[in-house]
Protein chains: 2
Amino acid sequence: MSADSGLSDTQWNVLSESCPSRTSLARIANKWTAMIVIVLTDGPQRFGAIQQTVQGISGKVLTDTLRALERDGILTRHSYPENPPRVEYELTALGRTLTEPPPRWGGGPRSTSTRSWPPGTAATSRTTR
Amino acid sequence: MSADSGLSDTQWNVLSESCPSRTSLARIANKWTAMIVIVLTDGPQRFGAIQQTVQGISGKVLTDTLRALERDGILTRHSYPENPPRVEYELTALGRTLTEPPPRWGGGPRSTSTRSWPPGTAATSRTTR
DNA sequence: CGGGATCCTTAGCGATACTG
DNA sequence: CAGTATCGCTAAGGATCCCG
């Protein structure tokens with residue numbers, strides 16, 4: 001397969017303004033997301049447990065961040081209609097991909113030089129030359 | 001060495017409010033830092049080249065981010081007193097560590113279950129139980 | 001060309017109080 | 001317990017003009 005597929009690799013270049021991966025980056029690149037993902041790596045956790053483990057996060061911000069991650073399919077929310085109420089958050093398969101390096105990093109060749117990040121991206125911004 | 005050193009491993013737990021690594025995280029977890037590091041992975045780049053490659057970044061924000069990264073030792077700034085002026089930015093050894101996964105991820109065991117993130121951290125926030 | 005200086009907008013974050 | 005609802009602050013981000 002391959003050869004001349006319609007979507008060029010430049011479409012998946014993070015450096016491109018219209019690249020969809022910028023949305024993913026925006027979700028990761030904030031103060032709390034990474035820590036929450038870390039906490040959930042070991043399995044489902046309750047709201048209160050997360051808040052205690054991720055020291056310094058306020059209830060509101062935790063709620064906001066969890067909701068955003070839920071919308072994006074990073075984690076799922078399970079509400080148990082008990083009293084007192086219990087709510088658990090769990091990483092989805094997609095969310096678990098955040099807890100380990102991308103395939104290429106684990107399996108690819110271990111060369112350390114002249115490596116461009118997304119394959120075929122090579123940030124050689126040739127302006128004049 | 002080892003045995004009873006003063007600094008416990010909980011001191012290097014990102015989840016801890018006083019953990020120094022939160023400073024590092026704060027530097028990474030913003031809109032542009034990651035992209036700038038990506039661009040510089042292939043070698044030194046000029047200010048203008050970076051701005052063109054990292055699409056959508058404004059001059060001021062690029063300057064601010066570069067200055068912050070320079071202060072933190074992630075990259076170095078080389079100014080050549082020519083006309084027109086030329087300034088190049090280059091990743092330091094520390095900055096280059098951001099372009100590859102931490103040692104443990106590359107070399108450690110490939111187990112996928114019951115793994116806690118920083119060694120000996122295990123986010124098992126036991127509140128009551 | 002590579003900024004510095006200003007000004008402005010927004011959104012992320014945080015504290016507090018209240019509720020099912 | 002796990003939220004929601006406000007309110008407020010600050011810093012990140014952005015537009016524009018100016019300068020050596």
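A residue is near a molecule or strand if one of its heavy atoms lies within 4 Å of it. This report uses that term for the two DNA strands, C and D, of a predicted model, in which local features need pLDDT of at least 70, side-chain atom pairs count only at pLDDT 80 or more, and totals for chains, interfaces and linings use all residues. Residues are numbered from 1 along each chain as its sequence is written, chains are lettered from A and ligands numbered from 1 in the order in which they are written, and side-chain values use heavy atoms, with hydrogens and water left out.

**Chain A and its sheet**

Chain A has six helices and three strands. Here helices (H or I, at least four residues) and strands (E, at least two) are DSSP runs, numbered from the N terminus. Along the sequence, the pattern of chain A reads α-α-β-α-α-β-β-α-α. Of the 129 residues in chain A, 33% are buried; buried means under 20% relative accessible area, exposed over 50%, and partly exposed in between (1.4 Å probe, protein chains only). Among the contacts in chain A with a separation of 6 or more, 36% join residues 24 or more positions apart, where contact means heavy atoms within 4.5 Å.

The strands of chain A form an open sheet in the order β1-β3-β2, with antiparallel pairing. Because β1 (45–46) and β2 (75–80) of chain A stand at the edges with a single partner strand each, one side of each has no neighbour in the sheet. Two strands pair if DSSP finds at least two bridges between them. Two bridges join the antiparallel strands β1(A) and β3(A), and Q45(A) has Y89(A) of β3(A) as its bridge partner. Helix α4(A) packs on this sheet, where it touches β2 and β3 of chain A, and its direction makes about 115 degrees with that of β2(A). Helix α2 (residues 33–40) of chain A lies across β1, β2 and β3 of chain A and runs at about 95 degrees to β3(A). For these angles, axes are lines fitted to C-alpha atoms, for helices over the stretch in contact, and the values run from 0 to 180 degrees between N-to-C directions.

**Chain B**

Chain B holds an open sheet of three strands in the order β1-β3-β2, paired antiparallel. Its β1 (45–46) and β2 (75–80) are at the edges with a single partner strand each, so one side of each lacks a neighbour in the sheet. Six bridges pair β2(B) with β3(B) in the antiparallel sense, and Y80(B) stands opposite R86(B) in β3(B). Helix α2 (residues 33–40) of chain B packs on the sheet and touches β1, β2 and β3 of chain B, its direction making about 95 degrees with that of β3(B). Helix α4(B) lies across β2 and β3 of chain B at about 115 degrees to β2(B).

Outside the sheet, T99(B) sits in the loop between α5 (93–96) and α6 (103–107) of chain B. T99(B) counts as buried because its relative accessibility is 7%. Its side chain reaches the backbone oxygen of R96(B) at 2.7 Å. That is a polar contact, a pair of N or O atoms within 3.5 Å; within protein, one must be able to donate a hydrogen and the other to accept it, and residues adjacent in sequence count only if both atoms are side-chain atoms.

**DNA strand D**

DNA strand D is surrounded by 17 residues, and the closest are R46(A), R67(A), R77(A), Y89(A) and K60(B). Sugar or phosphate supplies 68% of the strand D atoms within 4 Å of the protein, and bases supply the rest. At least two residues of this surface come from each of α3 (47–53), α4 (59–71) and β3 (86–91) of chain A and α4 (59–71) of chain B. The largest share, three residues, belongs to α4(A).

**DNA strand C**

For DNA strand C, 17 residues surround the strand, and K31(A), K60(A), R67(B), R77(B) and Y89(B) are the closest. Of the strand C atoms within 4 Å of the protein, 71% are in sugar or phosphate and the rest in bases. Helix α4(B) gives the most to this surface, with three residues.

Some phosphate contacts of both strands are listed here.

| Residue and atom | DNA strand | Distance to a phosphate oxygen |
|---|---|---|
| R67(A), side-chain N or O | D | 2.8 Å |
| R77(A), side-chain N or O | D | 2.2 Å |
| Y89(A), polar side-chain atom | D | 2.6 Å |
| W32(A), polar side-chain atom | C | 2.9 Å |
| R46(B), side-chain N or O | C | 2.9 Å |
| G48(B), backbone N or O | C | 3.1 Å |
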